[in-house]
Amino acid sequence: MPRRRFARHLPSALALTAFLAAPLGLVPPGLVPIGTAYAQDDGARLFRRCTSCHTTEQGGANKAGPNLWGVVGATSAARDTGFNYSPALREAALEWNDETLDQWLADPRAFVPGSRMPIGIARPEQRQALIAYLKEVTR
Ligand code: HEC
C-alpha cells in the first residue's frame, strides 16, 4: 500500500525537485524563466560565442566583426566603427531593437541576404539573454 501511494505522488515529486533545482542552475538554462537575474548571467556566458569577432567597450577594436559599443538603437552598419561592412547590411538600414536583433541573431544571413555574420543562435531564450546583455554592456 505505501509503495503504491508513493508512485502516485512521484510525478509531482519530480516537478517539485525541478522547481527547487532551477535557481541553483541544476536544470538546463532553457527551462529557467526569461527576465530573471539568472538570464542576465546567461547572456554574459553566451556572449563568449561572440568575442572571437566582437568587442563591446567604447572605442574597442574591430575583429572579424565590428565593435558593438552603442549598437542597440543604432542603424545597422552605420556607427562610426571603421569596420568594412557588407553593402547588404548597410543598405538594409535596420534600426537595432529587440525585434530586429532577435531576427538577426537567429539567422543573420537569412534575415539580411548578402550579409556576412556567419553564426546564428537557434534558441529564443538564449537570444533574449544575449540582447539583455548587449543592452547592459554596450552603452
Ligand atoms: C565569426 C565572426 C562573428 C561572430 C562569432 C559573431 N559575429 Fe556578429 N558580426 C560579424 C560580422 C562580420 C558582422 C558584420 C556583418 C556584415 O557586414 O554584413 C557582424 C555584425 C553584428 C551586429 C550588427 C552590427 C552593426 O553595426 O550593425 C551585431 C549586433 C552582432 N554582429 C552581434 C553578434 C552577437 C551577439 C554574436 C554572438 C552570438 C555575434 N555577433 C557573433 C561577425 C561575427
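Is Ala93 buried or exposed? Select Ala93 and count around it: with 10 other C-beta atoms within 10 Å, Ala93 is exposed. Keep in mind as you click around that this is a predicted model.

**Stop 1: the whole chain**

Zoom out and colour by secondary structure. You should get 6 helices and 0 strands, so the run from the N terminus reads α-α-α-α-α-α. Now colour by burial: of the 139 residues in the chain, 22% are buried. If you like contact maps, take the contacts with a separation of 6 or more; 43% of those come from residues 24 or more positions apart.

**Stop 2: two alanines with positive phi**

Go back to Ala93. Its place is in the loop between H3 and H4, and it has a positive phi of about 45° although it is not a glycine.

Next, select Ala77, in the loop between helix H2 (37-46) and helix H3 (87-92). Ala77 is not a glycine either, yet its phi is positive, at about 55°. Its surroundings are another matter: Ala77 is buried, because 21 other C-beta atoms lie within 10 Å, and 20 are enough to count.

**Stop 3: Ser52**

Stay in the loop between H2 and H3 and pick Ser52. This serine is exposed, with 10 other C-beta atoms within 10 Å. Which residues does Ser52 touch, leaving out those up to four places away in sequence? Show Lys63 and Ala64 and you have them. Draw a distance from Ser52 to Lys63, 11 residues apart along the chain, and the C-alpha atoms come out separated by 7.4 Å.

**Stop 4: the ligand**

Centre on the ligand and bring up the residues around it. There are 25 of them, and the nearest are Cys50, Cys53, Gly65, Ser86 and Ser115. Colour this shell by residue type and it divides into 16 nonpolar, 6 polar and 3 charged.

**Stop 5: helix H6**

Now select residues 124-137, which is helix H6. Its 14 residues should span 20 Å at 1.5 Å a residue, and the end C-alpha atoms are 20 Å apart, so the two agree. Which residues of H6 are buried? Highlight Gln126, Arg127, Gln128, Ala129, Leu130, Ile131, Tyr133 and Leu134.

From that set, take Ile131, which sits in H6. Ile131 counts as buried because it has 20 other C-beta atoms within 10 Å. Skipping residues up to four places away in sequence, Ile131 touches Asp98, Leu101 and Asp102. Try Phe47 too: Phe47 and Ile131 are 84 residues apart along the chain, and their C-alpha atoms are separated by 9.7 Å.

**Stop 6: the core**

In soluble globular proteins, nonpolar side chains tend to be buried together. To see this chain's largest nonpolar core, select its 12 residues: Leu68, Val71, Trp96, Leu101, Trp104, Leu105, Ile121, Ala129, Leu130, Ile131, Tyr133 and Leu134. Which elements give two or more residues to this core? Helix H4 (98-106) and H6 do, and H6 gives the most, with 5 residues.

Finish on Val71, one of the core residues. Not counting residues up to four places away in sequence, Val71 touches Arg79, Trp96, Leu134 and Thr138. Trp96 and Leu134 are also listed in the core, so keep both sticks on while you rotate the view.

Methods:
Residues are numbered from 1 along each chain as its sequence is written. This is a predicted model: local features need pLDDT of at least 70, side-chain atom pairs count only at pLDDT 80 or more; totals for chains, interfaces and linings use all residues. A residue is near a molecule or strand if its C-beta atom, placed from the backbone, lies within 6 Å of it. Ala, Val, Leu, Ile, Met, Phe, Trp, Tyr, Cys and Pro count as nonpolar, Asp, Glu, Lys and Arg as charged, and the others, Gly among them, as polar. Helices (H or I, at least four residues) and strands (E, at least two) are DSSP runs, numbered from the N terminus. Two residues are in contact if their C-beta atoms, placed from the backbone, lie within 7 Å. The expected span of a helix is 1.5 Å times one less than its number of residues. A nonpolar core is a set of buried Ala, Val, Leu, Ile, Met, Phe, Trp, Tyr and Cys residues joined through C-beta atoms within 7 Å.
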